[in-house]
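Colleague: I would like a close look at a single part of this structure, explained slowly enough for a first-year student to follow each term. Please choose a place where helices pack, and then work outwards from there.

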Amino acid sequence: MVHEMIGIDNNRVSLGHVQNIKKELEEVVLSSDQDDFFRQHQYTSFGDLGTQLKGLVDEFQVTHRSNENIETLEDMQRFIEAYPEFRKLRSSVEKHTFLIGELSRMVGEAEMMEVSEAEQDLACSDDYSGSVKALDRVFSNPKVQQKNLINLVALFGLRHCAFSAKAGRLDQFDSYIQRLKVKGMSSTQEQLLRDLLQYPFSNAFLKGGVPGGSRGAVGLLSAAKEHIKRGLKGVEDVFTQHKPQLSAVLDAISRGKLSPNAFPFSSDSTNDPVQEVIIFFIGGVTYAEARVAEEFMSQNRGISVCLGGSTILNSKTFFDEVEKIQ
């Protein structure tokens with residue numbers, strides 16, 4: 001969420017755009033190696049972060065009160081010994097309180113909860129009429145930013161238009177394009193949206209198939225639908241319905257069912273259980289996929305996953321990459 005809404009560059013988050021910000025908070029570091037709170041909660045949903053932050057603040061308050069009464073030499077010695085940790089804790093509280101507060105402000109101003117719900121529905125549901133209603137509702141909200149509308153229209157096109165020749169669907173897509181142009185979308189952005197619908201039909205995509213098989217476009221859709229159904233079991237949070245395809249790949253690996261047709265360089269010459277998996281995304285990986293890998297390792301203690309990519313994507317950098325290959 002931080003990467004999507006603000007941006008993370010080499011673990012650094014620039015907050016210089018925020019008015020009246022303290023000098024030391026203009027750029028903050030989010031590193032799981034150095035930041036205990038970030039390491040524990042980097043994949044926690046935004047809705048749960050407030051509770052976790054309160055725990056951090058409570059811990060700081062207890063520590064702060066214990067350092068207020070310095071009366072003896074022993075008290076002073078104890079304070080000096082604990083001061084580095086106290087200072088680190090104070091810095092962590094200040095950083096995360098400010099960062100989560102800024103995210104909360106941005107979420108409220110841009111109606112991101114409504115946008116996120118629509119994104120999840122578009123990613124996980126084949127209900128065309130429901131998608132149209134959801135998009136129309138978001139378009140009617142003047143607080144929703146243009147870049148988020150563009151993302152939603154891109155998802156709509158990929159979900160309902162890229163593999164479908166049903167009458168009216170491309171017309172509906174075009175109508176959203178026109179509404180975006182009225183809102184100030186550039187011709188370059190329009191072309192990117194139209195190009196997205198063409199990429200799934202490339203030979204590389206159709207021949208590549210899906211993890212677990214060597215099927216073409218039809219097989220890809222059916223496999224994706226099946227994966228979505230399995231991923232939705234037990235899901236209560238409407239904002240976390242979608243599971244990246246990486247989840248299906250790791251599941252196949254753990255069960256020894258990884259297809260040699262889809263992954264011809266994987267070795268099936270041994271029946272020994274997999275212990276190490278190296279996955280690299282050419283074109284870029286996302287923090288959502290990093291979360292999948294982390295959750296997989298927590299549920300499969302004997303398997304280590306090393307995940308990498310040529311960059312870490314958010315919606316902006318994704319469209320930047322699409323533009324490069326035109």
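Modeller: An axis here is a line fitted to C-alpha atoms, taken for a helix over the stretch in contact, and the angle between two axes runs from 0 to 180 degrees between their N-to-C directions. Helices (DSSP runs of H or I, at least four residues) and strands (DSSP runs of E, at least two) are numbered from the N terminus. This is a predicted model, in which local features need pLDDT of at least 70 and side-chain atom pairs count only at pLDDT 80 or more, whereas totals for chains, interfaces and linings use all residues. Residues are numbered from 1 along each chain as its sequence is written, and side-chain values use heavy atoms, with hydrogens and water left out.

As a setting for the close look, the chain has 14 helices and 4 strands. Of its 326 residues, 35% count as buried, where buried means under 20% relative accessible area, exposed means over 50%, and partly exposed lies in between (1.4 Å probe, protein chains only). Among contacts (heavy atoms within 4.5 Å) in the chain with a separation of 6 or more, 67% are made by residues 24 or more positions apart.

The part I have chosen is the packing of helix α7 (residues 146-160) against helix α8 (residues 169-182). Two packed helices are described by the angle between their axes and the distance between the axes. For α7 and α8 the angle is about 170°, and the axes are 10 Å apart. The two helices are therefore roughly antiparallel to each other, in a scheme where angles under 35 degrees count as roughly parallel, over 145 as roughly antiparallel, 65 to 115 as roughly perpendicular, and the rest as oblique.

On the α7 side, the residues that meet α8 are Q146, L149, I150, V153, F156, G157 and H160, while α8 contributes R169, Q172, F173, Y176 and L180. Sorted by class, this contact has 7 nonpolar, 4 polar and 1 charged residues; here Ala, Val, Leu, Ile, Met, Phe, Trp, Tyr, Cys and Pro count as nonpolar, Asp, Glu, Lys and Arg as charged, and the others, Gly among them, as polar.

The aromatic rings deserve a closer look, and they need a rule of their own. Rings of Phe, Tyr and Trp (its six-membered ring) pair if their centres lie within 6.5 Å, and planes under 30 degrees apart count as stacked, over 60 as edge-to-face, and the rest as tilted. By this rule the count comes to 4 aromatic pairs. One of them joins Y128 and F156 in a tilted arrangement, with 5.9 Å from centre to centre and 40° between the planes. This pair links distant parts of the chain, since Y128 belongs to helix α6 (residues 128-139) and F156 to helix α7, 28 residues apart. F156 has 0% relative accessibility and so counts as buried. Ring pairs also gather Y128, F139, F156 and Y176 into a cluster, and both F156 and Y176 are among the residues where α7 and α8 meet.

R169, which takes part in the contact from α8, also lies over the face of Y128, at 4.3 Å from the ring centre. A charge is said to sit over a ring if NZ of Lys or CZ of Arg is within 6 Å of the ring centre and within 35 degrees of the ring normal.

Moving outwards, helix α9 (residues 187-196) has E190, L192, L193, D195 and L196 as its buried residues, and what covers them includes α7, α8 and α14 (315-324).

The start of α7 leads to one more neighbour, M112, which is found in helix α5 (residues 112-124). M112 has 9% relative accessibility and so counts as buried. Leaving aside neighbours within four places in sequence, M112 is in contact with M5, M106, V107 and N148. M112 and N148 are 36 residues apart in sequence, and their C-alpha atoms are 8.5 Å apart in space.

For contrast, consider two loop residues. Most residues other than glycine have a negative phi, and most peptide bonds are trans. N10, in the loop between α1 (2-5) and β1 (12-14), has a positive phi near 55°, and at 68% relative accessibility N10 counts as exposed. N20, in the loop between β1 and β2 (27-29), likewise has a positive phi near 55°, and at 80% relative accessibility N20 counts as exposed.
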